[in-house]
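These are my notebook entries on a pocket, a nonpolar core and one acidic residue.

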Amino acid sequence: MHYKNDTIIIRKFTPEEFPLFSTLFENENVTRYLPYKTPEEYKEMFDKALTDYKEGPYSRWAIFNTQNNDFVGMCLARIFLDNPDQLEIGYTLGENYWGKGLGTEVCKALVDYCLSLNHQKDIVAVTDLNNIGSQKVLLNNSFKRIENLKREDRELAYFILQKE
């Protein structure tokens, strides 16, 4: 995926950018709503993203500020683990970029990317039940909240954008 507008650039990570990626997850406010992962698990996640670029079309990508090339965060699109007939999108932004409308822009870019793949799958996203900011972003991007998704260790807010 490669996306650019006046505000953000979404592109592949380079192997040298692991420190940027890992620093994102060192902020407790950023990880408050995410499942706990060890530094080793973040390294595995990053390495898998690099491998996924070769295998296409799903992965994790870097988000940068168009104006100053500052690292904003990361986003992903993948087959949904809970339902392989759906595509899942998600993003994590650095705290200094919260509340600036970037989540909405990233969400729209991810939806457009998934639709461009023509897989005829519903697009879904899940959030922590308390992550009201991300839930508003999804609702602003025409997602509908459906029943909560229950996993072994937690319950998540479940949103869907149904294919036309």
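How do the residues lining the second largest pocket divide into nonpolar, polar and charged? I counted seven nonpolar, three polar and two charged, taking Ala, Val, Leu, Ile, Met, Phe, Trp, Tyr, Cys and Pro as nonpolar, Asp, Glu, Lys and Arg as charged, and the others, Gly among them, as polar.

The model is predicted: local features need pLDDT of at least 70, side-chain atom pairs count only at pLDDT 80 or more, and totals for chains, interfaces and linings use all residues. Residues are numbered from 1 along each chain as its sequence is written, and side-chain values use heavy atoms, without hydrogens and water.

Entry 1, core. I looked up the largest nonpolar core (buried Ala, Val, Leu, Ile, Met, Phe, Trp, Tyr and Cys residues joined through side-chain atoms within 4.5 Å; buried means under 20% relative accessible area with a 1.4 Å probe, protein chains only). Among its 48 residues, Ile-10, Phe-13, Phe-21, Trp-61, Ile-63, Ile-89 and Phe-143 touch the most other members. Another core, of seven residues, lies apart from it and includes Val-124 and Leu-156.

Entry 2, Phe-21. Leaving aside neighbours within four places in sequence, I found Phe-21 in contact (heavy atoms within 4.5 Å) with residues including Phe-13, Tyr-42 and Met-74.

Entry 3, Asp-128. I noted that Asp-128 is buried, at a relative accessible area of 15%. Its side chain reaches the backbone nitrogen of Asn-130 at 2.8 Å. Beyond neighbours within four places in sequence, Asp-128 is in contact with Tyr-33, Gln-135, Arg-154 and Leu-156.

How values were computed
Buried < 20%, exposed > 50% of the residue type's maximum accessible area, 1.4 Å probe, protein only. Polar contact = N/O pair within 3.5 Å; in protein donor to acceptor, adjacent residues only side chain to side chain.
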